[in-house]
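Student: I should like to learn how to read the features of a structural model, one at a time. Could we work through an example together?

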Amino acid sequence: MTIQTLEIESQTHSAGSDAKPLGAKMEVQNMSVFYGKFRALTDINMNIYANKITAIIGPSGCGKSTLLRSFNRMNDLTPSARVEGSILLDGRDITANREDVVDVRRRIGMVFQRPNPFPKNIYENVAYGPRLYGIRRKNDLDLIVEKSLKQAALWEEVKDKLHQSGLSLSGGQQQRLCIARALAVEPEVILMDEPASALDPISTLRIEELMHDIVKEYTILIVTHNMQQAARVSDFTAMMMIDEHRSGRMIEFGETKSIFTNPKDKRTEDYVTGRFG
Amino acid sequence: MTATTATSTRFQQLIAEQQASLTPRRKIVNAVMLSLTGLMTLLALIPLFWIVGYVIYKGGQQLNLDFFTQLPRPLGMDGGGVLHAIQGTVVITLLAAVFATPPGVLAAFYAARFPNTPLGVALRFSTDVLSGVPSIVIGLFAYALIVKPMGHYSGLAGGIAMAILMLPTIIRTTEEMLKLVPHALREGSLALGAPEWKTSIIVLFPAALNGVITGFLLAIARAAGETAPLLFTALGNERYDIGTIVRNGVAQNQSFLQILERIVDQPVDSLPLTLWKYAQQPYPERVEQSWAVALVLMIFVLLINVLARLWVEARKRRLQG
């Protein structure tokens with residue numbers, strides 16, 4: 001499958017980024033991921049546009065998470081994993097060995113499927129990242145913590161109990177705390193691996209609203225099983241599916257509207273209309 | 001409804017027949033097994049309460065404040081205590097904890113992170129072997145390694161023997177606890193760009209700390225109650241008194257390190273060692289006192305356990321909010 005060329009000039013988007021030209025923040029070029037001899041992903045090509053939300057959808061086991069985890073080199077943690085091809089961030093290939101993993105991960109943050117706050121208080125959870133990068137002064141940290149918690153729409157709920165454990169919060173609050181933790185190091189791109197799949201509908205809604213709010217300043221890539229969610233929140237959608245060798249491929253990529261209303265691939269149509277998966 | 005109506009199937013009829021014939025038997029078997037397990041539970045509890053009760057009964061008669069604050073008096077004189085042994089137990093246990101904890105915890109980090117590397121496998125195998133080595137052999141080893149070259153018995157040698165004894169427990173419990181920390185926590189930290197070692201210290205270790213402390217205390221309790229490794233190492237010393245050592249040291253203008261050296265560099269006693277020595281003496285008053293020593297030892301171990309549990313509980317409450 002090849003990627004459809006996008007008519008990017010003609011689109012109108014609701015977000016406040018209309019004035020800016022649509023630029024590719026990241027470009028994935030002919031990327032494949034191997035686990036040992038097994039080829040988990042084959043020839044992925046896609047662009048991730050700045051200040052947009054890009055959703056990756058597809059049935060279970062099609063490699064969505066593997067793809068997401070290659071963007072901040074979390075696949076490095078799997079000893080047998082190997083990446084071919086390239087992922088460019090502002091034109092630089094971040095898969096190259098000489099690239100500093102720490103720097104890649106600061107610029108590309110991640111939010112996980114299940115909330116995973118550290119067993120520390122709320123303040124320390126958010127301040128953890130900035131501290132890693134050498135910010136020590138209490139005043140600076142206070143400002144960062146407040147700003148991040150406000151961005152994550154959690155500040156009002158926790159401002160009086162910053163020194164309570166992060167684990168004392170509800171599931172939805174914990175997930176927003178994790179988002180605040182990721183935002184605290186001012187990443188450029190945020191990867192979200194099914195961030196709402198462990199949450200109730202109201203918490204899910206809050207996460208989605210918050211994504212809408214922060215995308216003005218960040219670029220978001222979200223993996224989701226929930227097609228309504230992809231349709232609601234994303235500007236672009238990538239549809240993935242496994243091929244006959246059980247390897248994940250991207251079968252369609254385009255504006256969310258066109259993927260959901262006028263899919264070019266029959267399999268995408270079957271999937272988004274619920275006839276499959 | 002009933003099995004005899006025309007609508008019931010053959011299968012339902014069979015089930016009903018089985019029920020009728022089986023129910024009484026089932027009830028009897030259940031009653032027998034239940035009373036058997038209950039009886040055995042009681043049987044298993046008997047030694048525990050018997051030991052504790054008897055030690056309290058026999059030891060309590062001998063116990064008074066002097067017993068905790070005085071050195072032993074010569075035979076024939078009333079009173080006296082086991083201050084030397086209490087101090088010695090604390091010194092040896094502290095030394096053992098100081099020697100065993102850093103290598104034990106760090107080795108556990110390695111084993112938890114790289115379980116399948118040759119070094120990780122070797123570590124796990126050797127901790128298993130080490131925990132099976134009889135404690136008297138460890139005492140002999142410490143004798144050859146430390147007492148022989150130094151030329152004299154010492155609390156230091158006792159502490160090192162105990163440290164070797166504690167090492168496998170500390171490594172294994174820490175490793176198990178680190179493995180229980182959710183993988184997501186580690187990834188959460190690494191995804192922020194944290195290096196592996198910072199993730200281990202700042203995120204993994206605090207998350208595993210409660211379990212680590214529990215394991216550490218099990219090791220301490222075991223070390224505090226061991227006699228055999230001390231026979232060749234700490235030997236025993238009825239005149240050991242840290243208060244006197246410190247007073248003399250201060251009077252002679254000795255430095256802190258010199259005083260510390262005097263504390264660890266001479267033979268010391270411990271509670272189990274004193275118990276063992278007293279109990280085999282042919283003098284009834286010493287034998288009576290050995291019961292009191294046993295009681296003090298039990299209180300000592302219990303106290304460590306209770307304090308640690310309180311601390312762990314408080315910490316848990318703080319973390320869960």
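The dialogue below goes from the chains to their folds, then to single residues and the interface.

Student: What should be known before reading the model?

Tutor: This is a predicted model, in which local features need pLDDT of at least 70 and side-chain atom pairs count only at pLDDT 80 or more, while totals for chains, interfaces and linings use all residues. Residues are numbered from 1 along each chain as its sequence is written, and chains are lettered from A and ligands numbered from 1 in the order in which they are written.

Student: How many helices and strands does chain A have, and how many does chain B have?

Tutor: Helices (H or I, at least four residues) and strands (E, at least two) are DSSP runs, numbered from the N terminus. Chain A has ten of each. Chain B has 13 helices and zero strands.

Student: Which chain is more spread out than a compact globule?

Tutor: The radius of gyration is taken over C-alpha atoms, and the globule rule is 2.2 Å times the number of residues to the power 0.38. For the 321 residues of chain B the rule gives 20 Å, but the radius is 28 Å, so chain B is more spread out than a compact globule. Its C-alpha trace spans about 105 × 65 × 40 Å along the principal axes. In chain A, the 277 residues would give a radius near 19 Å for a compact globule, and the value of 19 Å agrees. The C-alpha atoms of chain A fill a box of roughly 55 × 40 × 35 Å along the principal axes.

Student: What share of each chain is buried?

Tutor: A residue is buried if 20 or more other C-beta atoms lie within 10 Å of its own, exposed if 12 or fewer, and partly exposed in between, with C-beta atoms placed from the backbone. By this count 48% of the residues of chain A are buried, and 32% of those of chain B.

Student: Where in chain A could one look at burial within a single element?

Tutor: Consider helix 1 (residues 64-71) of chain A: eight of its eight residues are buried, so the helix is largely enclosed by the rest of the structure. Among them are the charged-side-chain positions A:K64 and A:R69, together with A:L67, A:L68 and A:F71.

Student: How is strand pairing read?

Tutor: Two strands pair if DSSP finds at least two bridges between them. In chain A, strand 1 (residues 24-35) and strand 2 (residues 38-49) pair in the antiparallel sense over eight bridges. Within this pair, A:A24 stands opposite A:Y49, and A:V28 has A:M46 as its bridge partner. The two strands form a hairpin with two residues between them, and A:G36 in the turn has a positive phi of about 65°. Strand 1 of chain A also pairs with strand 4 (residues 81-89) of chain A, in the antiparallel sense and over eight bridges; there, A:F34 has A:R82 as its bridge partner.

Student: Which residues other than glycine have a positive phi?

Tutor: Most residues other than glycine have a negative phi. One of the exceptions here is A:A153, with a positive phi of about 55°. A:A153 is in the loop between helix 4 (138-151) and helix 5 (155-158) of chain A, and is partly exposed, with 18 other C-beta atoms within 10 Å. Another is A:E194, whose phi is near 45°. A:E194 lies in the loop between strand 7 (189-193) and helix 7 (201-214) of chain A and counts as buried, with 20 C-beta neighbours inside 10 Å.

Student: What is B:V212 in contact with, beyond its neighbours within four places in sequence?

Tutor: Two residues are in contact if their C-beta atoms, placed from the backbone, lie within 7 Å. B:V212, in helix 8 (residues 196-225) of chain B, is in contact with B:T173, B:T174 and B:M177. The C-alpha atoms of B:V212 and B:T173 are separated by 6.2 Å, although the two are 39 residues apart along the chain. B:V212 is buried, with 23 other C-beta atoms within 10 Å.

Student: How many residues of each chain meet at the interface?

Tutor: 19 residues of chain B are in contact with 21 residues of chain A. On the side of chain B, helix 7 gives the most, with six residues.
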